[in-house]
Amino acid sequence: MQFGDWKKRLLGEANRLVNQFGPPIAVDFGAGSLKILQIADADTPQLIAAACVPTPDELTDDHAKRIQFQLEALPKLMRSVEFKGRRAVCGVPAPHAFCKHMQFQADPATSIAAMVRSAVPAQIGCDPSALVYRHIDVGPVGRGNKNEVICMAASRDLVERLMKGLKEAKLEPVGMHVEYTATLRAFDSITRRNEDARLTTLYLDIGGGCTKVTIAHGRDLVFADGGV
């Protein structure tokens with residue numbers, strides 16, 4: 001079998017599975033509302049289904065109680081609309097996520113991931129095992145031997161709680177993102193070309209609880225910050 005024929009068969013099988021099980025359902029535990037959304041992956045994305053539950057006013061500023069309310073509301077909300085499949089991705093709510101730019105001295109003997117796992121708990125003041133980490137290496141800083149790294153972390157208890165909530169809603173968790181990377185993935189359909197890597201784009205998310213700023217080169221995150 002020629003490589004081209006093998007590639008076509010592989011892509012065909014991937015498309016068949018997506019059509020059978022559906023693209024992932026996005027779950028957003030936002031400050032203003034709990035939102036669920038499913039979009040068909042095509043050149044022009046198409047809405048399959050969407051629904052939301054507004055946050056009661058008295059819970060807007062109480063992050064812990066709001067998450068509990070939304071997790072309890074999720075199963076009923078899922079039953080209110082018809083989705084394709086049960087695979088789901090969700091975002092870690094911004095108030096519960098640590099995100100900070102840090103610089104690390106390049107060291108062949110130590111990985112960037114290890115540096116992040118050491119530096120972030122010191123910033124937050126907690127046990128390293130209590131966190132789940134992600135990082136994005138932006139690249140060298142100036143003429144020195146340092147790298148700019150976007151460090152992200154969330155409470156391991158929260159991540160496990162969200163995963164459990166998705167499963168109790170009869171969903172199959174396949175991914176979890178911080179809001180900055182989730183924002184970029186929402187625009188993949190218009191930044192997918194090779195030449196788009198030269199584009200610099202600022203994404204401004206004016207949310208119900210905080211405003212987030214993301215800057216990307218094509219699909220690659222290079223800056224992230226958020227505040228009230």
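Which residue in S7 is the bridge partner of Pro140? The answer is Asn147, and we will come back to that pair in the third view. The model shown here is a predicted one.

**View 1. The whole chain, to get your bearings.** The chain has five helices and 11 strands. Of its 228 residues, 36% are buried. If you count the contacts with a separation of 6 or more, 56% of them come from residues 24 or more positions apart. The close-ups below pick out a few helices and strands from this picture.

**View 2. An open sheet of five strands.** Reading across the sheet, the strands come in the order S3-S2-S1-S4-S8, and their pairing is mixed. S3 (46–54) and S8 sit at the edges with a single partner strand each, so one side of each has no neighbour in the sheet. On average, neighbouring strands here are turned by 20° against each other, ignoring direction. As background, strands of a sheet pair through backbone hydrogen bonds, in either a parallel or an antiparallel way. S1 and S4 go for the parallel sense, over three bridges. Look for Ala26 here: its bridge partner in S4 is Val89. Two helices also come into this view. H4 packs on the sheet and touches S1, S4 and S8, with its direction at about 145° to that of S8. H2, for its part, lies across S1, S2 (33–40) and S3, and runs at about 45° to S2.

**View 3. Strand S7 and its two partners.** S7 pairs with S6 in the antiparallel sense over 10 bridges. S7 also pairs with S5 (residues 97–105), again in the antiparallel sense, over nine bridges. S6 and S7 make a hairpin, with four residues between them. In the turn, Gly142 has a positive phi of about 55°. This is also where to find the pair from the opening question, Pro140 and its partner Asn147 in S7. Eight of the 10 residues of S7 are buried, so the strand is largely enclosed by the rest of the structure.

**View 4. Cys151 and its surroundings.** Cys151 is in strand S7. Is Cys151 buried or exposed? With a relative accessible area of 0%, Cys151 is buried. Lys100 has Cys151 as its bridge partner in S7. Leaving out residues up to four places away in sequence, Cys151 touches Phe98, Cys99, Lys100, Met102, Phe104, Val116, Val120 and Arg134. Take Met102 from that group: Met102 and Cys151 are 49 residues apart along the chain, yet their C-alpha atoms are separated by 6.8 Å.

**View 5. Helix H3 against its strands.** H3 (residues 112–124) has 13 residues and reaches 18 Å from its first C-alpha to its last, close to the 18 Å expected at 1.5 Å a residue. Its buried residues are Ile112, Met115, Val116, Ala119, Val120 and Pro121. What do these buried residues of H3 pack against? They pack against S5, S6 and S7. Right after the helix comes Gly125, with a positive phi near 85°.

**View 6. Helix H4 and its two sides.** H4 covers residues 156–168, and its end C-alpha atoms are 18 Å apart, which agrees with the 18 Å that its 13 residues should span at 1.5 Å a residue. The buried residues are Leu158, Val159, Leu162, Gly165 and Leu166. They cover an arc of only 125° around the axis, which puts them on the same side of H4. The reasoning is handy for any helix of this kind: an α-helix has 3.6 residues a turn, so residues three or four places apart point the same way. The buried residues of H4 pack against several elements, including H2 (63–79), S6 (131–141) and S7 (146–155). On the face turned away from the buried side you will find the exposed residues Asp157, Lys164, Lys167 and Glu168.

**View 7. The two ends of H4.** At the start of the helix, a side-chain oxygen of Ser155 comes to within 3.2 Å of the backbone nitrogen of Asp157. Just after the helix is Lys170, in the loop between H4 and S8. Lys170 is exposed, with a relative accessible area of 63%. What is the phi of Lys170? Its phi is near 65°, a positive value in a residue other than glycine. For context, most residues other than glycine have a negative phi.

Definitions and conventions. Residues are numbered from 1 along each chain as its sequence is written. This is a predicted model: local features need pLDDT of at least 70, side-chain atom pairs count only at pLDDT 80 or more; totals for chains, interfaces and linings use all residues. Side-chain values use heavy atoms; hydrogens and water are left out. The expected span of a helix is 1.5 Å times one less than its number of residues. Buried means under 20% relative accessible area, exposed over 50%, partly exposed in between (1.4 Å probe, protein chains only). The arc is that of the directions from the helix axis to the C-beta atoms. Contact means heavy atoms within 4.5 Å. A polar contact is a pair of N or O atoms within 3.5 Å; within protein, one must be able to donate a hydrogen and the other to accept it, and residues adjacent in sequence count only if both atoms are side-chain atoms. Two strands pair if DSSP finds at least two bridges between them. Axes are lines fitted to C-alpha atoms, for helices over the stretch in contact, and angles run from 0 to 180 degrees between N-to-C directions.
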